[in-house]
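User: I'd like to go through this model and ask why things get the labels they do. Can you set each value against its cut-off as we go?

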Amino acid sequence: MKTFSSMDPVGSQLDKSVLTTFLKQQQELLRLLEQAKTVDLTRTKTSISISSWIRLRLGDTFRVVIYHNQRHMEQAERAVDIHQHHNAFQNAK
């Protein structure tokens, strides 16, 4: 699924602070998952950022966040691969 254009980082300059923020968010997610062990994931509802009137089951919210983060990791891996191939090509010249 494509992202909203307002959330698309293509063309923006990102620095190492993005990684620091991402890692902190992952630690927070782990903390929340640990807390959720004592909660009914199907009965507990959460709001989502794009619309306050849409509410998801907590388990579904966790699934969305985890899949979203997996997508970011795959994007980062592709970016590293492209960078490594570019460097290898430049060094082979």
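User: What makes the place of K24 a helix, and is K24 buried or exposed?

Analyst: K24 lies in helix α1, and a helix here is a DSSP run of H or I with at least four residues, while a strand is a run of E with at least two, both numbered from the N terminus. K24 has a relative accessible area of 56%. Buried means under 20%, exposed over 50% and partly exposed in between, with a 1.4 Å probe and protein chains only, so K24 is exposed. The C-alpha atoms of K24 and R57 are separated by 24 Å, with their places 33 residues apart along the chain.

User: Before we go on, what kind of model is this?

Analyst: It's a predicted model: local features need pLDDT of at least 70, side-chain atom pairs count only at pLDDT 80 or more, and totals for chains, interfaces and linings use all residues. Residues are numbered from 1 along each chain as its sequence is written, and side-chain values use heavy atoms, with hydrogens and water left out.

User: Why is K16 called exposed?

Analyst: K16 comes out at 70% relative accessibility, which is over the exposed cut-off, so the label fits. K16 sits in the segment before α1 (17–35). From K16 to E34 is 18 residues in sequence and 28 Å in space, C-alpha to C-alpha.

User: Why does T46 count as buried, and what does it touch?

Analyst: T46 has a relative accessible area of 17%, under the cut-off, so it's buried. You'll find T46 in strand β1 (residues 45–48). Leaving out residues up to four places away in sequence, T46 touches I54, R55, L56, R57, L58 and T61, where contact means heavy atoms within 4.5 Å.

User: How do you know that T46 and T61 make a polar contact?

Analyst: Their side chains are joined at 2.5 Å. A polar contact is a pair of N or O atoms within 3.5 Å; within protein, one must be able to donate a hydrogen and the other to accept it, and residues adjacent in sequence count only if both atoms are side-chain atoms. The T46–T61 pair is therefore within the limit.

User: And what makes N69 buried?

Analyst: At 13% relative accessibility, N69 is under the cut-off, so it counts as buried. N69 belongs to helix α2 (residues 58–92), and its contacts include F22, Q26 and L29, not counting residues up to four places away in sequence.

User: What about the whole chain: how many helices and strands, and in which order?

Analyst: There are two helices and two strands, running α-β-β-α from the N terminus. Of the 93 residues, 11% count as buried.

User: How does the radius of gyration of the chain compare with that of a compact globule?

Analyst: The chain has 18 Å, whereas a compact globule of 93 residues would be near 12 Å. That radius is taken over C-alpha atoms, and the globule rule is 2.2 Å times the number of residues to the power 0.38. The C-alpha atoms fill a box of roughly 60 × 30 × 20 Å along the principal axes.
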